[in-house]
Structures are given as C-alpha cells and as structure tokens.
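Trainee: Please take me through the empty spaces in this structure, and then through the ligand.

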Amino acid sequence: MTQQSQYDFDTVLERHDSTSIKWHMIEEAMGPDSKDVIPLSVADMEFKPAPEIVDALVNAASHDVFGYDYATDDYYDAFIGWMKRRHHCIVDRDWVSLSDGVMPAINTALRAVTHPGDKVIIQRPVYYPFTFAAERNGLTILDNELVLDEAAGHYSIDFDDLEAKAADPRCTAMILCNPHNPVGRVWTAEELTRIGDICLKHGVYVLCDEIHADFAHPGHEVTLFGNLGSKYADILFEFTAPTKTFNLAGLLCSNAIIRNADLKRRFDVAAENIGGLTVSHFGMVACQAAYNHAEAWLDELLTVLERNVALVREFAARVDGIRLIEPEGTYLAWLDCRGLGFASVDAQREFLRTKARVWFDEGSLFGHSGDFFERINLACPTALLQRVLNNIEQALAARQHN
Ligand SMILES: Cc1ncc(COP(=O)(O)O)c(C=O)c1O
C-alpha cells in the first residue's frame with residue numbers, strides 16, 4: 001500500500017488453489033507443470049473486494065436467514081443513488097428488473113423481442129458470449145464489424161453498414177457493448193445517437209450492455225444510452241451490474257433498466273418462462289454495500305488502472321511488433337500483435353503460453369477481426385502485470401536469437 005492509499009491493490013494473491021476459472025483453466029489445459037503461467041484473461045480482478053462489502057457479507061452470514069427474498073427499498077435506493085451520482089442518470093424503480101447476470105438478462109431480452117430465424121447485429125471483435133446468445137436463441141448474426149483506423153489505432157463504427165444491416169426486415173435487435181469489450185471504445189453521445197436513430201428508424205431493439213460503464217479513462221466520459229433522452233425508450237434495454245466494478249462476479253447480480261412498461265413486461269414474462277431471474281441474497285447484500293459504501297475503493301482502483309495502462313503503453317512503445325490500442329474505458333487492454341509475425345494465431349497463442357508463460361484472451365475469440373490481437377486484463381497488482389510484460393519481452397528476445 002502506498003502512503004495515500006486506503007486500500008490494498010498491491011498484494012499479489014495466491015489463487016492457484018481457489019475456485020477461480022481464470023487460474024484453473026491453465027492447469028486444465030497445460031497440466032500440473034503450469035503453475036508459473038500467469039493468466040490476465042477472464043474479466044475478473046486479482047484484487048480482494050472492498051472491505052466495506054466484505055463486512056456487509058460477514059454481517060449477513062452471521063445474522064440473516066436465507067429464505068426467499070425480495071429486493072427492498074434500500075436495495076433500489078442504493079442502485080438508483082449510484083446511477084444518479086456516478087452517471088447523472090435518473091432511474092425509476094419501476095423500470096428495474098433483477099437478474100443474476102448481464103448475460104442471462106441479454107439472453108432473456110432476446111427471447112422477449114426476437115423469434116428464431118430473426119437476425120441480430122453485433123459489432124466484432126466483441127465479447128464472445130454475444131455470439132453464443134444469438135446462436136443459442138436461433139438468431140442469425142449480422143456483424144457490423146468495427147473499423148480499425150490503422151494509422152490512428154482507433155476503432156470506429158461503419159454507420160453505412162449498420163444502416164444497411166438494420167434495414168434488413170429480419171433484423172430485430174442489436175447487442176451493443178458500451179463501453180466496448182475488448183477494443184476499449186467509450187462510445188460518444190454522438191455515436192450512440194446515430195445508432196439509436198438508425199435502430200429507431202428500422203424498428204430494431206437496442207440491447208445495451210453497460211457492465212463496463214463505471215470504467216472510463218481520463219479524458220473520456222461514458223454516456224449511458226438511457227441518458228440520450230426518452231426518444232429511444234421504446235426500443236431500449238440497458239444492462240448494468242456492480243459485478244465488474246467491484247469484482248463480485250461470483251455473487252451473481254445485475255440490474256436491467258427498461259423504461260417502456262410494455263417492453264419491461266415482455267422481459268419479465270420471458271424471465272418467468274425460464275423460471276424467473278433474480279439476485280441472490282448475498283448478491284443483493286454485496287450490491288447494496290458496494291453502491292452505498294465502496295465508492296472510494298473504486299476511485300482508488302481507477303488510479304491503479306491508469307498506472308497499469310501506462311505500463312502497457314511503455315511496453316508497447318518499446319517492443320517491436322506490438323501496439324496498444326489506447327483504451328478509453330473498461331479494465332482491459334487490446335494489444336495489436338500482428339507485427340510479431342506469427343504464422344498462425346495458434347502459433348502466437350502457443351508462444352505466449354509455453355514460452356512467455358502468460359495466458360491472455362486471444363483476439364480470435366472475439367471474431368476473426370481479432371486475429372493476432374490479445375486482450376489483457378489490467379485489473380491486477382502492477383507487480384503482476386510487470387512480471388507478465390517482462391516474461392513476454394524475455395521470450396521475444398529468446399525467439400529473436402533462435
Ligand atoms: C461486456 C460484458 N458483458 C457481460 C459480461 C458478463 O456479465 P455477467 O457475469 O453479469 O453475466 C462481461 C464479463 O466479462 C462483459 O465483459
């Protein structure tokens with residue numbers, strides 16, 4: 001801990017023998033001799049949660065009865081207060097539906113507003129469960145592929161292509177990632193308005209995933225789709241969660257905002273048809289404590305992330321063949337490794353895992369436009385990130401000499 005810091009973002013946690021998927025998947029794939037391989041892959045954090053959240057959970061574990069729960073006024077007030085304080089967003093509790101996760105909620109929204117055989121727009125390279133959600137609900141994907149400006153290293157939206165895809169009469173929904181995982185774009189109000197106008201014109205529902213909305217880097221401000229005005233209310237679902245923000249993914253908690261009463265009813269019916277969506281007791285306790293009491297933890301974390309982005313920025317500037325796509329938001333970094341010249345994405349992955357002893361989410365997972373990119377999770381102690389970057393530099397130096 002540095003002198004000014006209130007929280008511990010420095011201790012490197014031992015997670016090999018925990019229930020972490022991120023760490024376990026290495027041993028599954030590489031066997032017991034893989035203990036030295038460091039994963040900066042799955043988007044949870046290498047940090048303990050805020051002590052304020054832990055205290056609330058311990059208190060609940062000691063005193064509560066774990067029967068069937070409803071969300072109390074205090075729960076809604078915590079969520080509504082957060083949205084107002086952090087996002088200048090006024091949420092009415094009648095607009096809120098609970099879910100155990102953003103992906104269950106997106107799947108449910110797809111069931112509410114699409115039919116098998118319909119088409120759905122996504123923007124690859126993008127969080128790959130969007131693809132699974134579309135496919136598992138019998139939908140055909142229309143990929144409004146993001147455009148990388150090679151000179152600027154900056155992704156943007158091909159709006160002509162988006163309009164053409166939205167105009168397809170079988171296209172009924174778009175799953176939007178705001179901010180965008182993995183490319184790190186924080187969509188501007190202007191970009192979001194153009195998306196909204198196109199979707200409104202063609203009767204396409206917008207399923208806006210805002211799980212990363214609490215992470216904007218200096219100079220960028222996240223615009224929530226709901227803040228663009230009531231114009232889009234009839235086509236809009238917004239999906240939020242405290243789980244990325246406060247590292248609570250294992251507690252399963254998310255809040256969907258659906259302003260149009262009929263649309264919300266359709267969502268709630270679709271949820272009932274799969275047995276209902278809700279937040280667990282501990283999810284509610286943690287969410288409430290996080291939004292009410294852990295804001296300072298998040299603010300300190302944001303400074304740690306800045307430090308980590310700077311480290312990767314310096315690394316990419318130093319290492320031939322690697323370029324950082326400057327993140328505007330999220331706690332992820334998107335590294336363009338095409339310049340390393342590997343013959344195949346398999347060869348690049350093999351090199352990183354077996355030679356550099358690091359495990360990232362390989363870009364091709366997010367669609368072919370992500371081939372030879374790597375997604376690095378920056379939500380880790382700076383010392384761990386430094387080790388990962390050193391490993392890569394050393395492995396690349398050895399590769400050059402061979
Ligand atoms: C864009 C995005 N949406 C959804 C999720 C998963 O959300 P949940 O665990 O609430 O289903 C993630 C997790 O990485 C994500 O990055």
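Mentor: Gladly, and definitions come first: the bounds of a domain are those of an automatic or database domain assignment. This is a predicted model, in which local features need pLDDT of at least 70, side-chain atom pairs count only at pLDDT 80 or more, and totals for chains, interfaces and linings use all residues. Residues are numbered from 1 along each chain as its sequence is written, and side-chain values use heavy atoms, with hydrogens and water left out.

Trainee: Between which domains does the largest pocket lie?

Mentor: On a 1 Å grid over the protein atoms alone, a pocket is an open set of points with protein on both sides within 12 Å along at least five of seven lines, a cavity is a set where a 1.4 Å probe fits but cannot get out, and lining residues have an atom within 4 Å of a point. Both domains give residues to this lining, so the pocket lies between domain 1 (21-49 + 295-401) and domain 2 (53-293).

Trainee: What is the volume of the largest pocket?

Mentor: Grid points are joined across faces, edges and corners, and the volume is the space filled by probe spheres set on them. For the largest pocket that gives about 1100 Å³.

Trainee: Which residues that line the largest pocket are the closest to its centre?

Mentor: The lining of the largest pocket divides into 23 nonpolar, ten polar and eight charged residues (nonpolar: Ala, Val, Leu, Ile, Met, Phe, Trp, Tyr, Cys and Pro; charged: Asp, Glu, Lys and Arg; polar: the others, Gly among them). Of these 41 residues, the closest to the centre are Asp44, Lys244, Leu248, Ala249 and Gly250.

Trainee: Which elements give two or more residues to the lining of the largest pocket?

Mentor: Elements here are DSSP runs numbered from the N terminus: helices (H or I, at least four residues) and strands (E, at least two). Those that qualify are helix 1 (21-30), helix 2 (51-63), helix 4 (102-113) and helix 8 (243-246).

Trainee: Which oxygen contact does the ligand make with the side chain of a lysine, and at what distance?

Mentor: Start with the surroundings, taking residues with a heavy atom within 4 Å as near: they include Met103, Tyr127, Cys177, Asn181, His212 and Lys244. Polar contacts are pairs of N or O atoms within 3.5 Å; within protein, one must be able to donate a hydrogen and the other to accept it, and residues adjacent in sequence count only if both atoms are side-chain atoms. A backbone N or O atom of Met103 lies 2.9 Å from a ligand oxygen, and a side-chain N or O atom of His212 is 2.8 Å from one. For the side chain of Lys244, the distance from an N or O atom to a ligand oxygen is 3.0 Å.

Trainee: How much of the ligand's accessible area does the protein cover?

Mentor: Accessible areas come from the Shrake-Rupley method with a 1.4 Å probe; for residues, only the protein chains shown count as cover. Out of the 400 Å² that the ligand has on its own, the protein covers 88%.

Trainee: Which helix gives the most to the lining of the largest cavity?

Mentor: There are five cavities of 30 Å³ or more, and the largest has a volume of about 50 Å³. Among its lining residues are Trp82, Met83, His87 and Tyr291. With three residues, the top contributor is helix 3 (residues 73-87).
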